[in-house]
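The report that follows describes a single protein chain, moving from one strand pairing to the overall fold, the interior and the charged pairs. Please read it beside the sequence and the coordinates.

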Amino acid sequence: MNGRYSAKNLGVKRIMQEAKEIAAENAYEYSAHPLEDNLFEWHFTIRGPDGTDFEGGRYHGRILLPSEYPFKPPEIMFLTPNGRFELYKKICLSITGFHPEFWQPAWGIRTILLAVIAFFPTEAKGAIGGLDYTQAERRQLARRSREWICPDCQAHMNNALSDTKRELKAEREDIPSIAINYKAEDESSSLTTNSSSNTRQHLSTTPNQDGSGWADPPGHQEGVSSQSF
């Protein structure tokens, strides 16, 4: 992968350094890595915050870095059903591309992930990409999330994170203050045309042939059911 990019490019140099640092730290709360064929697309896994409806859950998603990174913000979307964010849709936070006016080049992938973890238990309040599922639904999805497998990078949530718990006090002090921001819905926020906050996220008890955890295509999410868990 390195041969495709110039190490003299500031953005490339920054991304490669971040990838090296995150791989070395083997964090308890998150993991992230660029795809082998695209340095500007990362896949991440975060651990559901303790003491919340998401405790015990492991949630996978994509970070799409612009070519101008770190001077412009990334886009973030989730792939694992979670009851807090819609799937395959760019979420609207003040640290994403929806609000470039708030972005600071000093922030990086680690900062983004810690900020999203901290933001997970908050209410969606109608924000783009946000969901307000019930406590029972979110806990069901959290339990099942450990069996989910990414259809793109093949990461299995059961072993995607380190089991060694360490306090990340230094990094926590640098978490930006993020906020819900309201913008009109548009097609650019989603990779699917029929995704809606009214559809219910669902996890299958068995994987697809490609090994992923989807029961149906991303745009066809059935309701959460006690029979599914």
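Which residue is the bridge partner of Ile63 in β4? In this predicted model, the partner of Ile63 is Ile76. The pairing belongs to an antiparallel arrangement of β3 and β4, which are joined by four bridges. In a regular strand the side chains alternate between the two faces of the sheet. In β4, Glu75 and Met77 point one way while Ile76 and Phe78 point the other way, and all of them are buried.

**Overall fold**

The protein contains four helices and four strands, and along the sequence these follow the pattern α-β-β-β-β-α-α-α. Of the 229 residues in the protein, 52% are buried. The accessible surface comes to about 11100 Å², and 48% of that surface belongs to carbon and sulfur atoms. Among the contacts with a separation of 6 or more, 65% are accounted for by residues that stand 24 or more positions apart.

**The nonpolar interior**

The largest nonpolar core has 36 residues, and those with the most contacts inside it are Trp42, Ile46, Phe78, Ile109 and Val116. Two or more residues each are given to this core by α1 (10–25), β1 (30–35), β2 (38–47), β3 (58–64), β4 (75–78) and α2 (109–119). The most is given by α2, with eight residues. Apart from this core lies another one, of eight residues, which include Leu87, Trp148, Met157 and Ala160.

The helix α2 is mostly covered, with nine of its eleven residues buried. These are Ile109, Thr111, Ile112, Leu113, Leu114, Ala115, Val116, Ile117 and Phe119.

With neighbours within four places in sequence left aside, Trp42 is in contact with Ile15, Glu18, Ala19, Ile22, Ala32, His33, Pro34, Gly61, Arg62, Ile63, Leu65 and Ile109. Ile63, the bridge partner of Ile76, is thus named again among the contacts of Trp42.

**Two buried polar residues**

Glu18, which also appears among the contacts of Trp42, has its place in helix α1. Is Glu18 buried or exposed? Because its relative accessibility is 9%, Glu18 counts as buried, the cut-off for that class being under 20%. Beyond its neighbours within four places in sequence, Glu18 is in contact with Trp42, Tyr69, Gly108, Ile109 and Arg110.

Asn82 lies in the loop between β4 and α2, and with a relative accessibility of 0% this residue counts as buried. A polar atom of the Asn82 side chain lies 2.8 Å from the backbone oxygen of Thr80, and the side chain of Asn82 also reaches the backbone nitrogen of Phe85 at 2.6 Å. When residues up to four places away in sequence are not counted, Asn82 touches Phe54, Tyr59, Leu87, Phe120, Arg138, Leu141 and Gln201. One of these, Leu87, is also a member of the core of eight residues.

**Salt bridges**

A search of the whole structure finds eight salt bridges, including the three set out below.

| Salt bridge | Closest N and O atoms |
|---|---|
| Arg110 and Glu25 | 3.4 Å |
| Asp50 and Lys165 | 3.3 Å |
| Lys72 and Glu68 | 3.8 Å |

The salt bridge between Arg110 and Glu25 links distant parts of the chain, since Arg110 is in helix α2 and Glu25 in helix α1, 85 residues apart. Arg110 is partly exposed, with a relative accessible area of 21%, whereas Glu25 is buried, with a relative accessible area of 15%. Arg110 is also one of the residues in contact with Glu18.

Why does the pair of Asp50 and Lys165 tie together parts that are apart in sequence? Asp50 lies in the loop between β2 and β3 and Lys165 in the loop between α3 (135–145) and α4 (169–172), so the parts that the pair ties together are 115 residues apart in sequence. Asp50 counts as partly exposed at 46% relative accessibility, and Lys165 is exposed, with a relative accessible area of 57%.

In the salt bridge between Lys72 and Glu68, Lys72 is partly exposed, with a relative accessible area of 43%, and Glu68 is likewise partly exposed, with a relative accessible area of 35%.

Definitions and conventions. Residues are numbered from 1 along each chain as its sequence is written. This is a predicted model: local features need pLDDT of at least 70, side-chain atom pairs count only at pLDDT 80 or more; totals for chains, interfaces and linings use all residues. Side-chain values use heavy atoms; hydrogens and water are left out. A nonpolar core is a set of buried Ala, Val, Leu, Ile, Met, Phe, Trp, Tyr and Cys residues joined through side-chain atoms within 4.5 Å. Buried means under 20% relative accessible area, exposed over 50%, partly exposed in between (1.4 Å probe, protein chains only). Contact means heavy atoms within 4.5 Å. Accessible areas come from the Shrake-Rupley method with a 1.4 Å probe; for residues, only the protein chains shown count as cover. A polar contact is a pair of N or O atoms within 3.5 Å; within protein, one must be able to donate a hydrogen and the other to accept it, and residues adjacent in sequence count only if both atoms are side-chain atoms. Two strands pair if DSSP finds at least two bridges between them. A salt bridge is a side-chain nitrogen of Lys or Arg within 4 Å of a carboxyl oxygen of Asp or Glu.
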